[in-house]
Amino acid sequence: MTVKTTPRKSDAITPSTSISAPGFESFSDVFDSLYPSFKRESQVQGSHQFTLMRVNQEGHEKFIPPVPDIVVRIVTDGPLKSSSVDLGDGRVELSGRKGSCYLAPADAGASWQSEGNHELLMLALPKTEVQELLLTDGAPSKDDPLRALYGRDIFNANLPSFLDGMWREGLRGGPGGALVVDGLVLTLLGTLARIAGEGQSPMSKGEGAALDAQRLARITDYVDANLEHTIVIRDLADLVGLSPFHFSRCFRVATSISPHKFVIARRIDASKRMLADPTAVLAQIAFACGFSSQSHFTTTFKEQVGMTPGAYRSTVLD
């Protein structure tokens, strides 16, 4: 996880300016160039290396050139006195209230106007990565399942919590962080697809089927052999020849838990076996089982087992 903080300057309101797309390969590039005055922090997260930004903004007018990223924009503090956007087919007034979400399409310029201080969480998702995650029969969908959401307010209580969870996981760090973020991104995309009226996000036939015993065994063997390493959904999905989104669904049907919770459970089971050795050092057990620190291990173990590793060891050795 990479964190970048940019200092704040006093000049916040600039005239609307049209800027051509060449030279801007991502939303992060555009933001660094066009909004240098706004205080912000950035994280690069998950196996897909998505960019998440927390930004403090003041009122401004700005033209954002087309970029290949779909951007999820959540108002986390405000509200704005006014906010509007024009994607080229007329200006749309947005609520700007805390918790509201706006989805900016890839490859489309946008003219923004806003008034009032506010804070945003913004997640930049490269269009090609989104297409890969929302596979249909092994190939990207011809129709954009999120199309109906572009250029308008979206209100859903879960959306802010998904981005906030990604941000907190980035600050927490640790080998399991990428798996958590991957799961949150998939859940976010699935929720947006349902809101857009697509029903369940498009996947291959038999999407509701559980993973068979052979593929579950393959997943379990891989997890147990790589507990000390970072484990991400993309790698697990590749093992069984499914897209990450399809894999997450089928895995949950088979096990009734998410891949992340399954990995945590395997880490805890392995640590229990190691705790039976009175000579094993807690810090060594923590790192061997994929926890970022002894304190992270202790906290997670107590959440899962109901007692600390030391207390559990005492019950085993008595």
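Mentor: Helices (H or I, at least four residues) and strands (E, at least two) are DSSP runs numbered from the N terminus, and by that reading D153 lies in strand β13, residues 153-154. This is a predicted model, in which local features need pLDDT of at least 70, side-chain atom pairs count only at pLDDT 80 or more, and totals for chains, interfaces and linings use all residues. Residues are numbered from 1 along each chain as its sequence is written, and side-chain values use heavy atoms, with hydrogens and water left out.

Trainee: Which side chain of opposite charge is nearest to D153?

Mentor: Lys and Arg count as positive and Asp and Glu as negative, while His and the chain ends are not counted; a salt bridge needs a side-chain nitrogen of Lys or Arg within 4 Å of a carboxyl oxygen of Asp or Glu. Here the nearest is R73, 6.3 Å away, and D153 has no salt bridge although it is buried, buried meaning under 20% relative accessible area with a 1.4 Å probe, protein chains only. The side chain of D153 does reach the backbone nitrogen of S95, at 2.8 Å.

Trainee: How far apart are the end C-alpha atoms of helix α3?

Mentor: The expected span is 1.5 Å times one less than the number of residues. For the 15 residues of α3, 158-172, that should be 21 Å, and the end C-alpha atoms are 21 Å apart, which agrees.

Trainee: Which residues of α3 are buried?

Mentor: An α-helix has 3.6 residues a turn, so residues three or four places apart point the same way. In α3 the buried residues are L159, F162, L163, G165, M166, W167, E169 and G170; just after the helix, G173 takes a positive phi of about 70 degrees.

How values were computed: Buried means under 20% relative accessible area, exposed over 50%, partly exposed in between (1.4 Å probe, protein chains only). A polar contact is a pair of N or O atoms within 3.5 Å; within protein, one must be able to donate a hydrogen and the other to accept it, and residues adjacent in sequence count only if both atoms are side-chain atoms.
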